[in-house]
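Colleague: I should like to learn how to read this structure, feature by feature. May we go through it together?

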Amino acid sequence: MTFLKINNLSVDYQMRKETVYAAKNVNIEVNKGEILGLVGESGSGKSTVGNAIINLIDEPGKVSSGSVILGDLNIHENSESIVKYRGNKIGLIFQDPQTSLNPILTVGEQLIETIQTHLKLSKEEAKNKSINLLKEVGIKDAETRFDNYPHQFSGGMRQRVVISLALCCEPELLIADEPTTALDVSIQSQILELIKKLTKERNLAVILITHDMGVIAETADRVAVMKSGNLVEIGDTKKILTKPQENYTKSLVSSVPPTNKKISRFVIVEKENSDKKENNIKILNRWTKKVIIDQDLVQIKNLSKSFDDNFFTESSKNSVMAVNDVSFDIKEGESFGLVGESGSGKSTIAKMIVNLFKPTSGDIFFDKVCITKIKQRFELMKFRKQIQMIFQDPYSSLNGRLKVKDIIAEPITLHKPSISNIDLNNYIYDLLESVELTQKSADRYPHEFSGGQRQRISIARALATQPRLLVCDEPTSALDVSIQAQILNLLKDLQEQLNLTILFISHDLPVVRQMCDRIGVLKDGKLCEVSKTEDLFLKPGHEYTRELLRLMPKIESIYK
Amino acid sequence: MVGEETSDEERAELRETLGLMDPIHVQFSRFIVNASKGEFGISYQLRRPVSELIVERLPATIELVVISALIALITGTLLGVYTGINRKGFLSDFVLAVSLLGVSLPTFVIGILFIYLFAVILGILPSFGRGEVVDLGFWTTGFLTVSGLKAIILPSVTLSLFQMTYIIRLVRAEMMEILQTDYIKFARARGISENSIKYKHALKNGLIPVITIAGINIGTLIAFSIITETVFQWPGMGFLFIQAVQFVDIPIMSAYLVFIAFVFVMINFIVDILYYLIDPRIRVKGDAASG
């Protein structure tokens with residue numbers, strides 16, 4: 001039976017000049033005991049719909065029309081009445097467990113206050129109920145943990161506390177807004193299992209808002225796809241993911257990196273520019289031609305890095321081994337993937353290779369020279385030129401006060417001060433075109449670009465010194481899937497034509513499978529195994545790799 | 001210390017007894033040794049031990065500073081919370097406009113304006129002095145007499161104005177920022193009442209930076225009190241200091257400065273402890289990763 005009914009819901013933001021529709025005439029129905037997935041890319045209005053149900057839209061936005069019927073109650077009758085259903089009938093979970101709990105109140109205080117707001121219980125009863133709830137969401141030692149502050153819980157545990165808070169007054173509808181996006185894959189699967197279990201046990205209606213198609217495939221019963229405030233398609237998860245009707249859904253599904261096979265390129269349905277192949281050749285002319293020899297470009301030997309907790313204590317028990325005795329090689333022209341969960345030391349290795357960190361012990365050889373032992377600055381510069389890095393966050397890795405052309409010119413003039421202005425400009429234009437940006441972009445500032453375009457600028461900047469090794473640290477994890485597909489295609493093309501060697505760091509196994517020839521798996525600073533991509537996915541050698549593969553959300557699971 | 005008719009021999013003798021003929025490093029180490037014992041010598045002007053003078057003047061300044069700090073903290077926080085929650089509205093705009101005046105007008109101008117308004121035109125409050133004081137033996141207080149209470153109003157308000165406006169703006173900015181955070185949004189989503197959200201969840205978090213600033217500011221209040229005490233002829237340490245500067249009375253000046261430095265260090269120490277008590281994130285840094 002239909003439990004939640006959203007009719008013609010519209011949310012608009014009244015701006016000075018115009019009205020922006022964050023959601024327009026959305027119709028959604030959810031049944032009890034069912035998980036409805038709400039997917040879309042950033043700006044699609046999926047979170048807006050979730051927040052609009054309980055009328056929690058940030059100023060100046062407001063629900064301009066439509067009704068929300070919960071059971072037989074019209075909860076949007078007036079803006080005041082909704083307040084009493086919050087927490088009581090409807091629970092909400094937010095994306096980031098680090099920020100959704102009040103840091104200076106204990107978990108218990110927050111639970112008791114919420115319970116006492118809605119249920120007529122004494123403090124003692126509320127406490128007992130809270131402890132049972134904490135147990136139900138899988139927190140051990142609930143009696144003692146009850147008095148802990150949020151910062152004493154790890155990310156996954158904190159999300160469990162958030163869930164217990166959302167469920168503490170027995171709501172019938174749960175809205176989960178990207179509940180696992182900030183979590184590691186192993187924690188993610190635990191939290192999703194918990195949500196599935198609670199849905200069944202409590203006969204909840206659940207709206208799961210996410211951008212991750214794998215999560216949808218594994219958890220949702222039905223899916224609603226949104227794009228720029230409009231509902232594109234709604235239906236059975238299997239039907240939507242396997243036989244999408246609308247073009248947008250088709251392109252969204254095809255941009256998701258498959259987990260079960262390696263494809264040569266991502267299919268971009270929406271726009272296909274035919275002449276970009278020619279553009280790429282432009283910077284090829286400037287590239288010093290390298291004969292491909294089958295040899296190692298990077299050799300990493302017994303690399304370790306420890307961060308001392310305390311400057312004054314020298315005892316080793318206080319130091320955290322971020323990287324612990326790691327050795328591997330990267331062949332010239334190869335894509336090498338490093339995967340691992342947060343804290344596994346993958347970014348630390350990247351930073352040591354580009355010489356931003358000094359290793360505690362061990363050596364890094366680049367083209368048979370040990371770069372960790374170089375003392376002179378000018379000697380090091382020769383290697384810095386050949387190793388470039390692309391960072392995760394395209395918003396903070398570009399200097400907002402510089403024009404794009406100055407951003408790209410900086411590494412060029414640093415390594416080749418004698419370059420003439422005309423040469424420099426032409427080179428910048430060529431670089432921009434090779435990352436599929438127009439020449440006009442050169443005179444603009446980074447904030448005028450979208451996330452994907454900024455990441456293209458980062459790539460152009462990295463290519464400016466004609467590097468042999470490109471270190472990509474989670475280059476697409478801040479981007480939407482369709483943009484991710486474009487950037488990954490671009491990196492593949494560039495690598496092929498320029499014979500780049502790529503060290504690709506990611507937590508996202510499907511992406512790594514598409515990008516890399518060989519993969520190294522890291523756990524707690526130690527390298528578990530290194531093997532060819534297909535071998536790793538088909539016959540994983542290490543227990544941890546098997547675990548990761550098992551837990552990774554698979555869009556293909558829908559076929560089972 | 002010496003008059004017109006003092007003979008050269010007497011002057012030389014005095015220099016000798018005061019130790020002014022010794023080399024600088026000897027004088028300085030003697031100063032350090034004595035200062036550590038709380039002895040700052042004898043005032044050149046008043047011919048009395050400096051420590052005695054300081055103790056005598058201390059109550060006036062402490063009472064003034066404590067009252068000002070309370071005014072600044074309480075009104076500042078209240079108005080800051082009000083303007084932070086009701087961002088639009090006549091009263092908020094008015095408070096912010098006035099607070100701008102408080103930040104930009106120098107203390108002595110405000111003091112003189114107050115004297116003109118309340119003492120000269122309205123004639124309801126005294127323009128100078130501490131009024132009648134009661135001697136408790138170790139402490140002289142103006143709190144126990146009507147004239148003493150009346151006398152402290154103008155100087156303490158004048159002194160607190162700058163700090164108050166500062167705290168208003170700080171609390172307002174903090175409240176506005178915290179009301180936008182995820183945990184406030186999550187509290188709303190759980191149906192927690194607006195009052196609890198504003199005054200329990202948001203305010204508690206918002207006060208953490210206020211404690212740091214307030215601690216530093218109490219030190220500043222003592223330092224600023226020099227001006228206020230001069231304007232209102234308040235018989236405190238600041239007034240003593242200004243007089244000492246005019247007479248180049250070095251023992252008083254050095255004692256005063258050492259005292260101020262000591263107060264600053266103590267206040268910061270207390271603030272650090274308070275911080276530790278209030279913010280649980282600092283309290284249990286050691287086992288943050290558990291679970």
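The dialogue below takes up the chains, their contact, one residue and two helix pairs.

Colleague: What should be known about the model and its numbering before we begin?

Modeller: This is a predicted model, in which local features need pLDDT of at least 70 and side-chain atom pairs count only at pLDDT 80 or more, while totals for chains, interfaces and linings use all residues. Residues are numbered from 1 along each chain as its sequence is written, and chains are lettered from A and ligands numbered from 1 in the order in which they are written.

Colleague: How many helices and strands does chain A have?

Modeller: Helices (H or I, at least four residues) and strands (E, at least two) are DSSP runs, numbered from the N terminus. Chain A has 19 helices and 20 strands.

Colleague: How does one judge the spread of a chain?

Modeller: One takes the radius of gyration over C-alpha atoms and sets it beside the globule rule, 2.2 Å times the number of residues to the power 0.38. For the 560 residues of chain A the rule gives 24 Å and the radius of gyration is 26 Å, which is close, so chain A is as compact as a globular protein of that length.

Colleague: And what does chain B contain, and how does its radius of gyration stand to the globule rule?

Modeller: Chain B holds eleven helices and two strands. Its radius of gyration is 24 Å, well over the 19 Å that the rule gives for 291 residues, so chain B is more spread out than a compact globule. Its C-alpha atoms fill a box of roughly 85 × 60 × 35 Å along the principal axes.

Colleague: How is burial read, and what is the place of A:Glu59?

Modeller: A residue is buried if 20 or more other C-beta atoms, placed from the backbone, lie within 10 Å of its own, exposed if 12 or fewer, and partly exposed in between. By this count 46% of the 560 residues of chain A are buried, and 34% of the 291 residues in chain B. A:Glu59 lies in the loop between helix H1 (46-53) and strand E4 (61-70) of chain A. A:Glu59 counts as exposed because it has 9 C-beta neighbours inside 10 Å.

Colleague: Where do the two chains touch?

Modeller: Two residues are in contact if their C-beta atoms, placed from the backbone, lie within 7 Å. On this basis 27 residues of chain A are in contact with 24 residues of chain B. On the side of chain A, helix H2 (107-118) and helix H5 (155-167) are the elements that give two or more residues, and H2(A) gives the most, with four.

Colleague: How should a pair of packed helices be described?

Modeller: Axes are lines fitted to C-alpha atoms, for helices over the stretch in contact, and angles run from 0 to 180 degrees between N-to-C directions. Angles under 35 degrees count as roughly parallel, over 145 as roughly antiparallel, 65 to 115 as roughly perpendicular and the rest as oblique. In chain A, the axes of helix H13 (residues 404-415) and helix H14 (residues 421-434) come within 10 Å and cross at roughly 115°, which means that H13(A) is roughly perpendicular to H14(A). In chain B, the axes of helix H5 (residues 107-121) and helix H8 (residues 194-231) come within 9 Å and cross at roughly 30°, so H5(B) is roughly parallel to H8(B).

Colleague: Which residues of H5(B) and H8(B) meet?

Modeller: B:Thr107, B:Phe108, B:Gly111 and B:Ile112 of H5(B) meet B:Phe224, B:Ile227, B:Thr228 and B:Val231 of H8(B).
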